[in-house]
Amino acid sequence: MTRPKSVALALLLGALLVGGLIGVTVDRLMLRDRIGDEMDQRGLRTRLAEDLSLTVTQRTAVDSILDVRNRRIDEVVAPVRPQMDSIMEVARDEIRALLTADQRTKFEQKVRASDERSRK
């Protein structure tokens, strides 16, 4: 293959990779926005209790189990949280670079709402 063809192919593959990564990131952000409220722990616990017609004793036990599960997940995720946050911020910066000023304003509102939900 000649040099210009190799460069063109490399650029094409790079653009495809970057486009795919941006697409996945936007999809994840939008998916998290759509299901964020639904996955709220109190909502999950209430729905589970109602859907299964749990007794008070069962509900208390399920709450305890879910609390332990959440603590364990937090312990596992804690060491990689800074890396995950960095990856997310880089993706957000790449998305911001693609947006118009108006779109960026809307995007920032979504980012703030998502961050607020994550803190809770």
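The following paragraphs lead through a predicted model of the protein, from its overall make-up to the helices, the salt bridges and a few single residues.

The secondary structure of this protein consists of 5 helices and 0 strands, and, read from the N terminus, its elements follow one another as α-α-α-α-α. Of the 120 residues in the protein, 13% count as buried, and the structure as a whole holds 7 salt bridges.

The N-terminal part can be taken up with helix α1, which covers residues 3-36 and includes L16. Together with L9, L12 and L13, L16 forms a nonpolar patch on the surface, and the accessible area of these four leucines together comes to about 410 Å². L16 itself has a relative accessible area of 62%, and because the threshold for an exposed residue is over 50%, L16 is classed as exposed.

Helix α2 spans residues 41-51 and contains R45. Although its side chain is that of an arginine, R45 counts as buried, with a relative accessibility of 15%. A polar atom of the R45 side chain lies 3.3 Å from the backbone oxygen of D63. After α2 comes a loop leading to α3 (56-77), and S53 is found in that loop. The backbone of S53 has a positive phi of about 50 degrees, even though S53 is not a glycine. In contrast to the buried R45, S53 counts as exposed, at a relative accessibility of 58%.

Helix α4, made up of residues 81-98, has 18 residues and reaches 26 Å from its first C-alpha to its last, which is close to the 26 Å expected at 1.5 Å a residue. Within α4, the residues A91, R92, I95 and R96 are buried. When the helix is seen down its axis, the buried residues of α4 fall within an arc of 145 degrees, so they line one face of the helix. The face of α4 that is turned away from this buried side carries the exposed residues P82, Q83, I87 and A97.

Helix α5 can be read in the same manner. It runs over residues 101-119, has 19 residues and reaches 27 Å from first to last C-alpha, close to the 27 Å expected at 1.5 Å a residue. Here F107, V111 and S114 are the buried residues, and, seen down the axis of α5, they fall within an arc of 65 degrees, so they line one face of the helix. An α-helix has 3.6 residues a turn, so residues three or four places apart point the same way. On the face of α5 turned away from its buried side are the exposed residues A101, D102, K106, R112 and R119.

The charged side chains of these two helices bring us to the salt bridges. Which residues are linked with E89 in a network of salt bridges? The network is made up of E89, R92, D93, R96, E108 and D115, and several of its individual pairs can be followed one by one. R92 forms a salt bridge with E89, the closest N and O atoms of the pair being 3.9 Å apart. Both R92 and E89 lie in helix α4, where they are 3 residues apart, about one turn of the helix. The two partners differ in their exposure: R92 is buried, with a relative accessible area of 5%, whereas E89 is partly exposed, with a relative accessible area of 34%.

E89 also has a salt bridge with R96, in which the closest N and O atoms are 3.1 Å apart. R96 counts as buried at 17% relative accessibility, because the limit for a buried residue is under 20% relative accessible area. R96 in turn forms a salt bridge with E108, with the closest N and O atoms 2.3 Å apart. This pair links distant parts of the chain, since E108 is in helix α5 and R96 is in helix α4, the two being 12 residues apart. E108 counts as partly exposed, at a relative accessibility of 21%.

Taken step by step, then, E89 is bridged to R92 and to R96, while R96 is bridged to E108. The buried arginines of α4, R92 and R96, lie on the face that this helix shares with A91 and I95, and both R92 and R96 belong to the salt-bridge network that also includes D93 and D115.

Technical notes: Residues numbered from 1 in each chain as written. Predicted model: local features only at pLDDT ≥ 70, side-chain atom pairs only at ≥ 80, totals over all residues. Heavy atoms only, no water. Patch = residues over 30% accessible without salt bridge, like charges linked within 9 Å, V, L, I, M, F, W, Y side chains within 5 Å. Areas by Shrake-Rupley, 256 points an atom, 1.4 Å probe, with all protein chains shown as cover. Helix = DSSP H or I, 4+ residues; strand = E, 2+ residues; numbered from the N terminus. Buried < 20%, exposed > 50% of the residue type's maximum accessible area, 1.4 Å probe, protein only. Expected span 1.5 Å × (residues − 1). Arc of directions from axis to C-beta. Polar contact = N/O pair within 3.5 Å; in protein donor to acceptor, adjacent residues only side chain to side chain.
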